[in-house]
Amino acid sequence: MTTIKEKAQDFVRVDRRDGKLALAHIYVAFIALFIGGLCGLLQVLVRSGQFTLPWGIGYYQVLTIHGVLLGLILTTYFILGFQIAAISRTSGTLTDKQRLVGWIGFWVMTAGTVAASIMVLLNEASVLYTFYAPLQAHWIFYVGMALVVVGSWIVAIAQIMKYVEWRKANPGQPSPLLSFMVIVNLAMWIICSLGVAVEVVFQLIPWSLGWVDKVDVLLSRTLFWYFGHPLVYFWLLPAYMVWYVIIPKIIGGKIFSDALARLSFMLFLLFSIPVGFHHQLTEPGIDSFWKFLQVVLTMMVVIPSLLTAFSMFATFELRGRQLGGRGLFGWFKKLPWNDARFTVPFIGMAAFIPAGAGGIINASHQMNALIHNTIWVTGHFHLTLATTVVLTFFGAAYWLIPHLTGRVLTKQMNKLAIIQAIVWAFGMSIMSGAMHVVGLMGAPRRSDFSTYGGAQQATEWIPYQIAQAVGGTILFIGIILVLYIVANLLWFAPKGETEFPVGEVSENAEKTPMWLENWKIWLTICIALILFAYTVPVFEMIQNAPPGSKGYKFW
Ligand code: HAS
């Protein structure tokens, strides 16, 4: 096992200039965590029925800030920052041109974030993070969100340029695993975000500016969910990068199989996009055959997660046995439980077992009818995104930030980081557990219970709403703790060298076949699947659109 406080060694360091670009993203991510987390606290208090927001602040305004800042801004910025560092670490320092492209993307995204945030704060865009029509926001909000997407493409281009350069310089060789994973995630992101870009540019902006009177709601939701489901895998895949590539090094083990890791990422590219209808199973206007098809494809996207579970268990068991663990579970005790870089993401992994089971329930058409639009769904994504993914990001921040700032995670901070994760897991178990249970009792999500003195609430829901407030308050303490550790790592921790750990592949693993990196094959299958799943239903939506909602004469 590598020690927590690294001595000056021959680490491969991320170039300081690339590190600055990565850190700029990470700063924005943690600012978003603070503001978004505060709004989360306000929300659970309002839903408990015991608290009313002061100064005329609206519940949906707070909910929009929470969802946009945590679901869209924290994630996108952290992921792009992490990926810049990962590409620079494994494929080499960015050229000046690539870095400049990265900075341009960063500033475009940030201009968009500021514009959209101002509109939400002014209560001109309380449309939630899904900005479903017919809820309408100020046009500046939509332009801001479009800039965030376009900016992210520009940052992505900088990373892709480096990868292409590496491939050209090393013909016939598989690229470094971490770089390959970054590029799969970006390919998925670019293909899926085209959907939301079309929705925003061709439907929502013209409508919010009054250029068209109506908007085709079904089409706009379809374009959103074409983007929205792969969006959740855009969040998940960087966590998987940490699990597959970083964690084996931290525990002193090896990557179980490079080929298996690549295959699982490629399966995500194929199956994460043509599944958006599983968010629209209750919507009329989509033929049940297409819903059925996308439910089948959703079950396919579970497979790479099962491969990941298998691979992680194998890595842990092999390492535990190497350290002398005996019997069925003896190896488990040998893992480095006192190292936050391992334990924090591990808690996230463990949470993914019930979280993933919940996802499978959601995707099953009949069971979806029970939970759709209930707060069960909110419970689901607080386990997946706000626990599995977020705890993995926190665990990664504990070595990434000191690596980039030239500092070290001290023993005290390491201990606090483990406490933070336990606090988080405890608070989340209460909050998300209560959400799941009361969701099954029919409690709706996204409902403002503060009006009419909470009269819309069924009395049997109230104890669970209070439990959510208790869990949410504990989670907010978790946010304060993580921000304290991050501030320490940014500005106050002792100077020193921290490793950016990158695992090596086990010598027993099969050689990686080159077809796994043949983009022509994979992108062709990916596009064919999207066309198969979406062409006919979208054509039918446009053909049967309500009068006036097509807006443009050329439709
Ligand atoms: Fe989901 C709704 C289906 C995964 C996020 N999901 C949402 C929403 C969000 C979200 C944000 O089909 C709400 C959107 C909204 O606002 O309306 N989801 C799935 C399925 C999966 C899934 C099938 N979701 C995620 C992930 C997310 C996420 C990941 C974020 C990061 N989801 C749905 C559906 C809906 C939905 C429906 C719509 C519901 C509705 O009606 O509105 C699958 O990908 C899950 C597969 C995962 C597994 C788990 C594998 C386990 C692993 C851990 C191994 C652990 C180890 C540690 C090794 C099968 C890899 C050892 C541990 C020890 C304890 C020893």
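Visitor: Let's jump right in: are glutamate 283 and arginine 221 buried or exposed?
Guide: First, some ground rules: this is a predicted model, in which local features need pLDDT of at least 70, side-chain atom pairs count only at pLDDT 80 or more, and totals for chains, interfaces and linings use all residues. Residues are numbered from 1 along each chain as its sequence is written, while side-chain values use heavy atoms and leave out hydrogens and water. Buried means under 20% relative accessible area, exposed over 50% and partly exposed in between, with a 1.4 Å probe and protein chains only. By that rule, glutamate 283 and arginine 221 are both buried.

Visitor: And how far apart are the closest N and O atoms of glutamate 283 and arginine 221?
Guide: The two form a salt bridge, meaning a side-chain nitrogen of Lys or Arg within 4 Å of a carboxyl oxygen of Asp or Glu. For glutamate 283 and arginine 221, the closest N and O atoms are separated by 2.7 Å.

Visitor: Which parts of the chain does the salt bridge between arginine 262 and glutamate 517 link?
Guide: The closest N and O atoms of arginine 262 and glutamate 517 are 3.1 Å apart. The pair links distant parts, 255 residues apart; helices are DSSP runs of H or I with at least four residues, strands are runs of E with at least two, and both are numbered from the N terminus. Arginine 262 sits in helix α7, and glutamate 517 is in the loop between α14 (462-492) and α15 (519-543).

Visitor: How many salt bridges are there in the model, and which residues are linked in a network of them?
Guide: The count comes to 14 salt bridges. One of them joins aspartate 18 and arginine 99, with 2.7 Å between the closest N and O atoms. Aspartate 18 is in helix α1 and arginine 99 in helix α3 (residues 96-121), so this pair ties together parts 81 residues apart in sequence. The linked network consists of Asp15, Arg17, Asp18, Asp96 and Arg99.

Visitor: What relative accessible area does arginine 99 have?
Guide: Its partner aspartate 18 counts as buried at 0% relative accessibility. Arginine 99 is buried too, and its relative accessible area is 7%.

Visitor: How far apart are the end C-alpha atoms of helix α1?
Guide: The expected span is 1.5 Å times one less than the number of residues. For the 32 residues of α1 (residues 16-47) that gives 46 Å, and the model agrees, with its end C-alpha atoms separated by 46 Å.

Visitor: On to the ligand: which residue gives its iron atom a donor?
Guide: Donors are N, O and S atoms within 2.8 Å of the metal (3.2 Å for Na, K and Ca), and since water is not among the atoms, sites may look incomplete. The protein gives the iron a single donor, 2.2 Å away. The residue belongs to helix α12, and the donor is NE2 of His380.

Visitor: How far is an oxygen atom of the ligand from the side chain of histidine 372?
Guide: A polar contact is a pair of N or O atoms within 3.5 Å; within protein, one must be able to donate a hydrogen and the other to accept it, and residues adjacent in sequence count only if both atoms are side-chain atoms. Tyrosine 129 offers a side-chain N or O atom 2.8 Å from a ligand oxygen, and a polar backbone atom of alanine 363 is 3.2 Å from one. For a side-chain N or O atom of histidine 372, the distance is 2.5 Å.

Visitor: Which element gives the largest share of the shell around the ligand?
Guide: In total, 38 residues surround the ligand, each with a heavy atom within 4 Å of it. The largest share is ten residues, and it comes from α10.

Visitor: Now the backbone oddities: which two residues does a cis peptide bond join?
Guide: Most residues other than glycine have a negative phi, and most peptide bonds are trans. In the loop between α3 and α4 (139-169), where proline 134 sits, there is a cis bond with omega of about 10 degrees. The joined residues are alanine 133 and proline 134.

Visitor: What is phi of leucine 128 near?
Guide: Leucine 128 is also in the loop between α3 and α4, and it is buried at 8% relative accessible area. Its phi is positive, though the residue is not glycine, and lies near 65 degrees.
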